[in-house]
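Trainee: I'm new to this one and would like to walk through it with you. Could we take it a question at a time?

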Amino acid sequence: MADTLKEILLDSSRRPAVVSDFEGLVDAEVSDKGGVSGAVVKTGFAAVKKIKPGIIPAAVDTLLDDFAGALEPFYGDYKAKGGNDFGAYLASRSDEASDALLSVTDARAEKSSRDSIKKVYGKLRPNGKKNVEEALPRVGQLIDKHAASA
């Protein structure tokens, strides 16, 4: 049985399914957004997908190693405490977990050579923490799903 997120999420035999599941998670999170800020997220998301079709699975695949590294300390603590619902665990530490994940995307956006990507990210980032915090239960559930099959 795999003990680390890297073993669970980055194994070459599981990685395509992990990337596909995270792409579905991103789509579901965006779809669930409501109100004015939700409209901004949906518009930005659609713009990014239009700029470069296939960008979401490519981005997930590119960022997966860094995301696994960012969440590894949380997963280690969760396992050490004998947890059975990583989504609930992440939600209970939403401030720290969201900061860890956003540090990955902030660094990537800063390094991007595409002004259009930087512009869209810049518009989405002010609500980024709230959006990531809202997604943490699904992120944890997805990780639990893949951990069970590891």
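Trainee: Which residue's side chain does Asp3 meet in a salt bridge?

Mentor: Before that, some ground rules: this is a predicted model, so local features need pLDDT of at least 70 and side-chain atom pairs count only at pLDDT 80 or more, while totals for chains, interfaces and linings use all residues. Residues are numbered from 1 along each chain as its sequence is written, and side-chain values use heavy atoms, with hydrogens and water left out. A salt bridge here is a side-chain nitrogen of Lys or Arg within 4 Å of a carboxyl oxygen of Asp or Glu. At 3.9 Å, N to O, the partner of Asp3 is Lys79.

Trainee: How many residues apart are Asp3 and Lys79?

Mentor: Asp3 sits in the segment before α1, and Lys79 is in helix α4. Helices are DSSP runs (H or I, at least four residues), numbered from the N terminus. The pair links distant parts of the chain, and the separation is 76 residues.

Trainee: Is Asp3 buried, partly exposed or exposed?

Mentor: Buried means under 20% relative accessible area, exposed means over 50%, and partly exposed is in between, with a 1.4 Å probe and protein chains only. Lys79 has 31%, so that partner counts as partly exposed. Asp3 has 48%, so its class is partly exposed.

Trainee: Which helices are tied together by the salt bridge between Asp32 and Arg138?

Mentor: The side chains of Asp32 and Arg138 meet at 2.6 Å, N to O. The two residues are 106 apart in sequence, so the pair ties together separate parts of the chain: helix α2 and helix α8.

Trainee: And is Asp32 buried or exposed?

Mentor: Arg138, the partner, has a relative accessible area of 28%, so it is partly exposed. Asp32 has 51%, so it counts as exposed.

Trainee: What separates Glu134 and Lys130 along helix α8?

Mentor: Their side chains meet in a salt bridge at 3.3 Å, N to O. Glu134 is partly exposed at 38%, and Lys130 is partly exposed at 42%. Because they are four residues apart in the helix, the separation is about one helical turn.

Trainee: Which residues are joined with Glu134 into one salt-bridge network?

Mentor: The whole structure has 17 salt bridges. Some share partners, and those join Glu134 into one network with Glu29, Asp32, Lys33, Lys130 and Arg138.

Trainee: How do α2 and α8 run, roughly parallel or roughly antiparallel?

Mentor: Their axes come within 10 Å and cross at roughly 150°. Axes are lines fitted to C-alpha atoms, for helices over the stretch in contact, and angles run from 0 to 180 degrees between N-to-C directions. Angles over 145 degrees count as roughly antiparallel, under 35 as roughly parallel, 65 to 115 as roughly perpendicular and the rest as oblique. So α2 and α8 are roughly antiparallel.

Trainee: What handedness does the crossing of α2 and α8 have?

Mentor: A crossing is right-handed if the near helix is turned clockwise from the far one by less than a right angle, and left-handed if anticlockwise. Contact means heavy atoms within 4.5 Å, and here it involves residues including Phe22 and Asp32 of α2 and Arg138 and Ile143 of α8. The crossing is right-handed.

Trainee: Which residues does Asn131 touch, leaving out those up to four places away in sequence?

Mentor: Asn131 is in helix α8. At 16% relative accessibility, it counts as buried. The residues it touches are Glu29, Lys33 and Val41.

Trainee: Which element gives the largest share of the largest nonpolar core?

Mentor: A nonpolar core is a set of buried Ala, Val, Leu, Ile, Met, Phe, Trp, Tyr and Cys residues joined through side-chain atoms within 4.5 Å. This one has 40 residues, and Leu9, Phe22, Leu90 and Ile143 touch the most other members. Elements giving two or more residues include α1, α2 and α8. The largest share, eleven residues, comes from α4.

Trainee: What does Phe22 contact, leaving aside neighbours within four places in sequence?

Mentor: Phe22 is one of the core members that touch the most others. Its contacts are Leu9, Val60, Leu64, Val139, Leu142 and Ile143.
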